[in-house]
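Thanks for coming, everyone. Please take a moment with the sequence and the structure before I start.

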Amino acid sequence: GLSRGQMQGLYGSDTSANVMGSAVAELIGTFILVFTGCAVAVAAILQRSTAGPAFYDSLAVALAFGLALAATIAAIGHVSGAHVNPAVTLGLAATNKFSWQYVPIYIGAQLVGAIVGAIAVWICYGEAAREAAALAATFPTEGVGDIRALLAEILVTFILMFVIISVATDERAPAGVAPLAVGFALACGVFIAGPITGGSLNPARTLGPMVVAGQFSAVWV
């Protein structure tokens, strides 16, 4: 079982107090993350210039995900722990920092939020977003094998998880820094893995657009 100290969630959250409230927070948080990041990625794929076409592609997508995650953690971190990512929820459960009984609720909420986020991108950017850009679902890029994509995702997701565990579970870490640190960690991961895998680090972020676009190549990665 979990001791009382361990049941303290990320960023001082207490899931057991209000599971439904936490689930709603996870749904909305994942929606914000996927809607923001995938909208910017779709814009880049369709070459809509927002920050100028030259470096828009490479810079904007990583920053969009990182900024969205930082904002989301600041907003809901104290409510649900702002996992907004099945990999984070499972990682915390596996290391006894999160109760297994809430894992299905959290992952369900994250997947629904991601699907709604992908639908929102479709609404905003039209049919081309779904047909031409697959709503920015992540696939191994051309010439990259599935195994290499898998290893890249493992490495960058480790970076994200390491930073989360370090800043969000240790009371010695300054509280205000945590959302920025985790957002920056996600941006780093997308900078690294973007050219190889599309830079997912988050099964919900990939599955939401895949479901709505109906494209599932290399989904197991």
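How far apart should the ends of helix α7 be at 1.5 Å a residue, and what does the model give? Helix α7 covers residues 146-168, which is 23 residues. The expected span is 33 Å. The end C-alpha atoms are 32 Å apart, so the two values agree. Keep in mind that this is a predicted model.

Stay on α7 for a second. Which of its residues are buried? The list is Ala149, Ala152, Glu153, Val156, Thr157, Leu160, Met161, Val163, Ile164, Val167 and Ala168. Note that Glu153 is among them.

Now compare helix α2. It takes in residues 19-45, 27 of them. From its first C-alpha to its last, α2 reaches 38 Å. At 1.5 Å a residue you would expect 39 Å, so to speak on paper, and the model comes close.

Let me step back to the whole chain. There are 9 helices and 0 strands. Read from the N terminus, the order is simply α-α-α-α-α-α-α-α-α. How does the radius of gyration compare with the globule rule for 221 residues? The model has 17 Å, and the rule gives 17 Å, so the protein is as compact as a globular protein of that length. The C-alpha trace spans about 50 × 30 × 30 Å along its principal axes.

What share of the residues is buried? Buried residues make up 48% of the 221. The exposed surface comes to about 10100 Å². Carbon and sulfur atoms supply 68% of that area. And take the contacts with a separation of 6 or more: 79% of them join residues 24 or more positions apart.

Here is one place to see such a pairing. Find Gly77 in helix α3, residues 53-80. Its C-alpha lies 6.7 Å from that of Ser13, and these two residues are 64 apart along the chain. Leaving out residues up to four places away in sequence, Gly77 touches Leu10, Tyr11, Ser13, Thr72 and Ala82. Is Gly77 buried or exposed? Buried, because its relative accessibility is 0%.

Next, backbone angles. Most residues other than glycine have a negative phi. Three residues here go the other way, and I will take them in order along the chain.

Gln47 comes just after α2, with a positive phi of about 55 degrees.

Then Val84. Its phi is positive, about 40 degrees, and it is not a glycine. You will find Val84 in the loop between α3 and α4. Its relative accessible area is 1%, so Val84 is buried.

Then Leu135, again not a glycine, with a positive phi near 55 degrees. Leu135 sits in the loop between α6 and α7. Relative accessibility there is 0%, so Leu135 counts as buried.

On to the cysteines. How many disulfides does the model have? The count is 0. Take Cys38: the nearest cysteine sulfur belongs to Cys124, and it is 12 Å away. A disulfide would need the two sulfurs within 2.5 Å, so Cys38 is in none. Cys38 is also buried, because its relative accessibility is 0%. Cys188 is in no disulfide either, with the sulfur of Cys38 as its nearest, 19 Å away. Cys188 has a relative accessible area of 40%, so it is partly exposed.

Last topic: charged pairs. How many salt bridges are there? The count is 2. In one, Arg130 meets Glu127, at 4.0 Å from N to O. Why can those two side chains pair up along the helix? They are 3 residues apart in helix α6, residues 127-131, so about one helical turn separates them. In the other, Arg130 bridges to Glu131, with the closest N and O atoms 3.5 Å apart. Shared partners join Glu127, Arg130 and Glu131 into one network.

How open are these residues? Arg130 is partly exposed at 21% relative accessibility. Glu127 is partly exposed too, at 42%. Glu131 is exposed, with a relative accessible area of 51%.

That is my tour. Over to you.

Terms used. Residues are numbered from 1 along each chain as its sequence is written. This is a predicted model: local features need pLDDT of at least 70, side-chain atom pairs count only at pLDDT 80 or more; totals for chains, interfaces and linings use all residues. Side-chain values use heavy atoms; hydrogens and water are left out. Helices (H or I, at least four residues) and strands (E, at least two) are DSSP runs, numbered from the N terminus. The expected span of a helix is 1.5 Å times one less than its number of residues. Buried means under 20% relative accessible area, exposed over 50%, partly exposed in between (1.4 Å probe, protein chains only). Contact means heavy atoms within 4.5 Å. A salt bridge is a side-chain nitrogen of Lys or Arg within 4 Å of a carboxyl oxygen of Asp or Glu. The radius of gyration is taken over C-alpha atoms; the globule rule is 2.2 Å times the number of residues to the power 0.38. Accessible areas come from the Shrake-Rupley method with a 1.4 Å probe; for residues, only the protein chains shown count as cover.
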